[in-house]
Structures are given as C-alpha cells and as structure tokens.
Amino acid sequence: MPNPFLSSEEYDERAHALYNEGQYDEALTVLREGLSLYPHAVELHVGMGYARLAREEYAWARRSFDEALVLDPEHEDALAGLGETLMKFGQQDAAVRCFRRTLELGYQDDIDLMLQVGRALFREGLIEDAKEFFEIGAQQAPDSAEAVACVGYAMHRLGDDDGAITTLRRALQIDNDHVEARIYLANVLYDRGEFEAALYHLDRSTPEDHWDELGIWRLVELKKSIYRLPDDDPELQPWEARLGELAGEPDTIDEMLAEIEQAADDSGDDPEVRSQLELFGALLADAEAKRDPAASVAHRVITREGKQFDGTWDDIVSRMRDASTEFAERSVFDYMAAESRRHFRSTGVRISATSAEAFVRGSADAGLLRIVR
C-alpha cells in the first residue's frame, strides 16, 4: 500500500537503492507506489524507464522516458535513457540526437552521464561517437581513471593501439587499482606480441578480477611458457578454479548434446550413423522444450551483414556456426568460444559463451547483431 508519508524523493531513493542491487522487480514496485501518489514526479518516471530497460522491456521503457520528457523536455537522464532505448529498436540516428541534446543543454560537466552515453554508443559499435563522449568526460575530469580508460578502449576499437596503450597506462597512473584497464591493457599488449609486458599486468590481477576466460587463459599460458610452470603447479590452481566458475556447470541436457556432437564428429561421413544421431538429438531437444517451454519459442536475429537467422537460441547459434566456413564442421561450443575470444581481442567487448542465449544476447549488446524477436 502506498505510504503518503513518503515524499517522491524518498520513493526515488528507495527505488534507486534497489536498482543498484539488481532488484529490478522490487524497484518497479516502489516506483509504481510512488507514481500512484506523485504521477507528475519526473524522477519516478525516469527510474521506471531505467528499471524497464534493465529488464529488457524496451517498449515500456520508451513509454516511461517519453512520459518523463513530456513533463520535463530537458531532463538529461531521461534523454540519455530514451537514447539507450532507441538503440535497442535500431533507431541509431534518433538515439544519437537524444545524446547530443544533452550536450546542447550544457551537461558536459556531468561525468557519469558522459560515460553512460559513451558506453551505450560503444556497445552499439558507434565508436567514434563513443570516443567523443568519453573524451568530454576525460576533459572535464582529467583525474578520473575510468574516463581516461574509456578513451583508451575506444582508441583500441578504432585501431590506434599505440594511443590506446599510452592512454591505458595513464589511467593506471591515476589509479593503480583500476583492474579493468589493467586487464584490457594486458590483452592489447598480448595481441602485439609483447608477452612479458602482458604477463606483468595480468600477474597483478586476481582470479576474481576476471569476468571473461580470455585473460585467464593467456595468464596461464604465459606463466607456463615464461616461468616454466608445470600443468599441476599450485600457483595455477586458483586460476583454473576461476575458469571453472566462469564456464559454469553443464546440465544433463547439455552433457548429452555434447556427447551427441562428439559422436557425430567421430562418425565421419556415415549417413546412417549421422541420421540416427540427429534423430536422437531432436528427441532430446523436444524433451528440453517440454521441460522448459520457453526454450521452444522462436526468435529472429539479423546480423550486421543483413543475414537473418530464426529459431530457438540453440537453432540460431547452430545456423550461425553452419554459415561460418571456418567452423562449419566444428561443435557449436567451439564456435561460440572461438568467436567470443576473437571479438574480445579485436573489440574488448566480452561475449559470454556459456549458453546459446547468453551468446546471442551478448552479441547483440556488442552491436554484432540485432534481436528482432
């Protein structure tokens, strides 16, 4: 029941705290209560928009941001939120206009806003625009390691590795504990063949600092080659344990499908064997759909090249794999893992390879494809 003794600001603060903890459902409940008492409170509409955006309810998010802008056409957070939402609908030009409106209104000194906008553009592959907003943030706060590091990430994506290395090192001079910049710098150095420099930075991270397998694999590889550590060296065990955590535990269906894929790989070109395996795989997929009806829902994605793939998340990734000349004969897992590593090396954007759905959604966030449904 709404509490009339709370102000709209107090409702906003409570919802904001829940949002920061990732409790989006609870935040929405608080915001609805607040709006039932204060329907013209702009901040509550903005908060509703961001909570909807976090839940990937883009149509509802757009409505909330639009309502906020009706009440206050110059609200910077509403403009930025609407821009992010328009990105999800593929309306990049309209989104950029929303973002640039914040500059016209004089919000360059809002560092958090500049970085938020820059990251949204970065995720959608608009790197030049992202770099502009990151640079504005860095100019306004030259002692912000985060802002400086973001400029470095954009430089790397634009092919300026020398500039990226210099900028990331400057970010670490500002804040020696900025692990994201340190890991990113290590990967750039590794790709340039500067392995000892890469290990220097990777060795100053902890397993818990990593949310992607690539940096850990490289650290383990470099320790073995440079320090001559054996495979079972105790120093490597925490890193291998973290790899296991990031990979996750496969469920029964995943294990059986992996066995089918392996058997298919081992069966050569025997059509009878392959036919039986494909039939068994289809039966397992049907069982999985019955166990989880959501798994059978058809989706559609469109890649940057305009290629369209339909089906379940697993179907889509499988068809993407089939369309790849390099991985057409490899397992789906091999395809996802290799693509994830390749994109991280070239863009610095992490794409999860733990499941087909996570891979597709991560690819969409990285701007590599668009989820139509």
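**Disulfides.** I looked for disulfides first, taking one as a pair of cysteine sulfur atoms within 2.5 Å, and the count came to 0. I checked two cysteines for burial, where buried means under 20% relative accessible area, exposed over 50% and partly exposed in between (1.4 Å probe, protein chains only). Cysteine 98 is buried at 11% relative accessibility, and cysteine 150 is buried at 2%.

**Ground rules.** I'm working on a predicted model, where local features need pLDDT of at least 70 and side-chain atom pairs count only at pLDDT 80 or more, while totals for chains, interfaces and linings use all residues. Residues are numbered from 1 along each chain as its sequence is written, and side-chain values use heavy atoms, with hydrogens and water left out.

**Helix α10.** I take helices (H or I, at least four residues) and strands (E, at least two) as DSSP runs, numbered from the N terminus. Helix α10 covers residues 161-174, so I compared its reach with the expected span, 1.5 Å times one less than its number of residues. With 14 residues, α10 reaches 20 Å from first C-alpha to last, close to the 20 Å expected. Its buried residues are Gly163, Ala164, Ile165, Thr167, Leu168, Ala171 and Leu172. What do they pack against? I find α9 (145-157), α11 (179-191) and α12 (195-202), with contact meaning heavy atoms within 4.5 Å.

**Repeats.** I looked up the UniProt record, an unreviewed entry, which lists "repeat: TPR" at residues 8-41, 42-75, 76-109 and 145-178. Its positions are given in the numbering used here, feature names are shortened, and annotations may be inferred rather than shown by experiment. In the model, residues 8-41 are 79% helix and 0% strand, with the end C-alpha atoms 7 Å apart. Residues 42-75 also come out at 79% helix and 0% strand, with their ends 8 Å apart.

**Hairpin.** Strands β1 (residues 299-303) and β2 pair in the antiparallel sense over 4 bridges; the pairing rule is at least two DSSP bridges between two strands. Valine 301 has phenylalanine 309 of β2 as its bridge partner. I count 4 residues between the strands, and glycine 306 in this hairpin takes a positive phi near 90 degrees. In a regular strand the side chains alternate between the two faces of the sheet. On β2 (residues 308-311), Phe309 and Gly311 make up the covered face, Gln308 and Asp310 the uncovered one.

**Odd phi values.** Which loop holds glutamate 56? I place it between α3 (42-54) and α4 (58-71). Glutamate 56 has a positive phi of about 65 degrees although it isn't a glycine, and it is partly exposed at 37%. Arginine 228, also not a glycine, has a positive phi of about 60 degrees. I find arginine 228 in the loop between α13 (213-226) and α14 (237-247), exposed at 68% relative accessibility.

**Salt bridges.** I get 23 of them, each a side-chain nitrogen of Lys or Arg within 4 Å of a carboxyl oxygen of Asp or Glu. Glutamate 146 and arginine 119 form one, with the closest N and O atoms 2.7 Å apart. Glutamate 146 sits in helix α9 and arginine 119 in helix α7 (residues 111-123), so the pair ties together parts 27 residues apart in sequence. Arginine 321 meets aspartate 322 at 2.8 Å, N to O; arginine 321 is buried at 12%, whereas aspartate 322 is partly exposed at 44%. I also noted that salt bridges sharing partners join Asp25, Arg52, Arg55 and Glu57 into one network.
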